[in-house]
Amino acid sequence: LPITVNMIVQHVLMFGNQLGQVDQVLWSLVQEMRISIIYPLIALMVLKLSTRRLVLVVAVIEASLAGALIAFPNIPTTLQSFHSTVHFATIFVFGAWLAKNHKELGERLMKLRRSARVVIALVAFLAYSLGMKILWGKQIQTHFIEPFQRHFPHAWFTQPALMGFVVNASGDWLAAFCAAVAILYALHQRQVRAALHFYPTLITGRASYTLYLVHALVLWALLF
């Protein structure tokens, strides 16, 4: 698409339907900005509600998002859409819950046998870093969604919008749980803490977010 004044304005204001045309990572900044506005409500909810009730709230929200796509299949579900904002907000709820309960969870994790801790860390690392969300989505698509669509081509539960949401949402939650494991190890495993405080690691960490913000621009520039 040609770069227009309207597109530039949308990028600056982080609002509109042409976000990501210049810098593909902008969608995440948009979602972080939106959710930061309602984050005090998320924090209050996490502080006030029990874990069971939080799970129920998250389940109801995700089910409502799926139901909205059944009733209105043309709702925008792009990464910068408001539909996605609500979905990502539920993962922020999980993050707030993790911040509240990480000491108890970390203690339980550290009480496990060393071999069990190694296996958990390895599985979480591989699942997160090797693109398990993409592999997960392909498996769900191949073995569940496509057979359903062949047998029930006009059923409400095989609508492309709904199926796409199920695949993406389940992949996001898989990634969230893997990231939670990494956070627990970073906070409570002595060797991991030492590695993260190693000076070259700190330098890499400080630069990583800046690199994330510009890496797409650099790759596109090199491509052309």
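How do α5 and α7 lie with respect to each other, oblique or roughly parallel? Hold that thought for a moment while I set the scene.

What we have up here is a predicted model. The protein chain has nine helices and zero strands, so if you read along the sequence you just get α-α-α-α-α-α-α-α-α. Taken along the principal axes, the C-alpha atoms fill a box of roughly 50 × 45 × 35 Å. Of the 224 residues in the chain, 29% are buried. And if you take contacts between residues at least 6 apart in sequence, 64% of them join residues at least 24 apart.

Okay, back to the opening pair. Helix α5 runs over residues 114–129 and helix α7 over residues 160–188. They pack at an angle of about 135°, and their axes are 9 Å apart. Angles over 145 would count as roughly antiparallel, so α5 and α7 come out as oblique to each other. Their crossing is left-handed. On the α5 side you can pick out R117, V118, I120, A121, A124, A127 and Y128, and across from them in α7 sit A175, C178, A179, V181 and Y185. By type, that contact is 11 nonpolar residues, no polar ones and one charged.

Now the other pair I wanted to show, α2 with α4. Here the axes come within 8 Å and cross at roughly 50°, which makes α2 oblique to α4. This crossing is right-handed. The contact list is a long read, so just a few: α2 brings in residues including W27, Q31, R34, I42 and V46, while α4 offers, among them, F82, F88, V93, W97 and K100. The breakdown is 15 nonpolar, three polar and two charged.

Some of those names come back when we look at the inside. Which residues have the most contacts inside the largest nonpolar core? They are I42, V46, V93, F94, W97 and W173, in a core of 19 residues. The elements giving two or more residues to this core are α2 (26–48), α3 (51–71), α4 (82–110) and α7. The largest share, nine residues, comes from α4. If you want one residue to click on, try V93: leaving out residues up to four places away in sequence, V93 touches I42, M45, V46, L54 and V58. Apart from that core there is another, of 10 residues, among them L65, I145, L162 and M163. As a general matter, nonpolar side chains tend to be buried together in soluble globular proteins.

Two single residues before I stop. S81 is in the loop between α3 and α4. Is S81 buried or exposed? Its relative accessibility is 7%, so S81 counts as buried. Beyond four places in sequence, S81 touches Q31, R34 and P76, and Q31 and R34 are both part of the α2 side of the contact with α4.

Then there's L196, in helix α8, residues 190–196. L196 has a relative accessible area of 39%, so it is partly exposed. Leaving aside neighbours within four places, L196 is in contact with A186, T201 and L202. A186 is 10 residues away along the chain, and the C-alpha atoms of L196 and A186 are separated by 7.5 Å.

That's my tour. Happy to rotate the model if anyone wants another look.

Technical notes:
Residues are numbered from 1 along each chain as its sequence is written. This is a predicted model: local features need pLDDT of at least 70, side-chain atom pairs count only at pLDDT 80 or more; totals for chains, interfaces and linings use all residues. Side-chain values use heavy atoms; hydrogens and water are left out. Axes are lines fitted to C-alpha atoms, for helices over the stretch in contact, and angles run from 0 to 180 degrees between N-to-C directions. Helices (H or I, at least four residues) and strands (E, at least two) are DSSP runs, numbered from the N terminus. Angles under 35 degrees count as roughly parallel, over 145 as roughly antiparallel, 65 to 115 as roughly perpendicular and the rest as oblique. A crossing is left-handed if the near helix is turned anticlockwise from the far one by less than a right angle, and right-handed if clockwise. Contact means heavy atoms within 4.5 Å. Ala, Val, Leu, Ile, Met, Phe, Trp, Tyr, Cys and Pro count as nonpolar, Asp, Glu, Lys and Arg as charged, and the others, Gly among them, as polar. A nonpolar core is a set of buried Ala, Val, Leu, Ile, Met, Phe, Trp, Tyr and Cys residues joined through side-chain atoms within 4.5 Å. Buried means under 20% relative accessible area, exposed over 50%, partly exposed in between (1.4 Å probe, protein chains only).
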